[in-house]
Amino acid sequence: YFLFFNLKDLLVGKSAELRKAISMAIDRDAFVERFRNGRGIRATSLVPRTVPGHVARAFPYDYDPAKARALLAKAGYPGGKGLPKIRLDLKGTATNFRQQGEFLQESLRQVGIPIEVVANTMPGYLEKERNGSLQFTFGVWDSDYPDAENFLALLYSKIGRAHV
């Protein structure tokens, strides 16, 4: 799982502090526990630990609500004051999508970031992706084969550019 931000968006795209605050407001361990039944571990690299090429490092924007609040204030929205609702688009309407959206909405609310969760049909979501109208979403990537290149390709290939 990973976060997507539309860098052309006038709100989330212009503020690295806001994007970092969003990242730091999400408890990834709680997400794994709730939505993966505890089967999984928080990522520390784009390349998973079980794949050759993984380089372990501390994730710089890991869960830290106090730092998230500080970054939100640095972005010009102390306590969320003046921050418009950020739209979180979901890729479907199924229960798991809705529950994950609610989890993110509650996580961000706790640090002062208002989120509007929008459940889309997959064709509707893909249209928003194609026309660049997504603001914030999250995605999932699983490997086709156990090689670091399968993950790193997201950074330089058409696959990655199609989703950014």
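How do the residues of the lining of the largest pocket divide into nonpolar, polar and charged? That is Exercise 1, but first some ground rules. This is a predicted model, so local features need pLDDT of at least 70 and side-chain atom pairs count only at pLDDT 80 or more, while totals for chains, interfaces and linings use all residues. Residues are numbered from 1 along each chain as its sequence is written, and side-chain values use heavy atoms, with hydrogens and water left out.

**Exercise 1. Sort out the pocket lining.**

Step 1: the largest pocket has a volume of about 2,000 Å³. A pocket here is an open set of points on a 1 Å grid over the protein atoms alone, where a 1.4 Å probe fits, with protein on both sides within 12 Å along at least five of seven lines; lining residues have an atom within 4 Å of a point.

Step 2: 49 residues line it, and the closest to its centre are Tyr-1, Phe-2, Ala-43, Ser-45 and Leu-46.

Step 3: the lining divides into 29 nonpolar, 10 polar and 10 charged residues. Asp, Glu, Lys and Arg count as charged, Ala, Val, Leu, Ile, Met, Phe, Trp, Tyr, Cys and Pro as nonpolar, and the others, Gly among them, as polar.

**Exercise 2. Describe how helix 1 packs on helix 3.**

Step 1: the two axes come within 8 Å and cross at roughly 160°. That makes the pair roughly antiparallel (angles over 145 degrees).

Step 2: the crossing is left-handed.

Step 3: for the contact (heavy atoms within 4.5 Å), helix 1 brings Glu-17, Leu-18, Lys-20, Ala-21 and Met-24, and helix 3 brings Pro-65, Lys-67, Ala-68, Leu-71, Leu-72 and Lys-74. Count them by type and you get 7 nonpolar, no polar and 4 charged.

**Exercise 3. Do the job again for helix 2 and helix 4.**

Step 1: these axes come within 12 Å, crossing at roughly 155°, so helix 2 and helix 4 are roughly antiparallel too.

Step 2: this crossing is right-handed.

Step 3: Ala-30, Phe-31, Arg-34 and Phe-35 of helix 2 touch down on Gln-99, Gln-100 and Phe-103 of helix 4. By type, that's 4 nonpolar, 2 polar and 1 charged.

**Exercise 4. Place Lys-128.**

Step 1: look in helix 5, residues 122-131.

Step 2: leaving out residues up to four places away in sequence, Lys-128 touches Asp-89, Val-118, Asn-120, Ser-133 and Leu-134.

Step 3: its C-alpha atom is separated by 14 Å from that of Phe-138, 10 residues apart along the chain.

Key: Axes fitted to C-alpha atoms, helices over the stretch in contact; angles between N-to-C directions. Helix = DSSP H or I, 4+ residues; strand = E, 2+ residues; numbered from the N terminus. Parallel < 35°, antiparallel > 145°, perpendicular 65-115°, else oblique. Left-handed = near helix turned anticlockwise from the far one by under 90°. Points joined across faces, edges and corners; volume = space filled by probe spheres on them.
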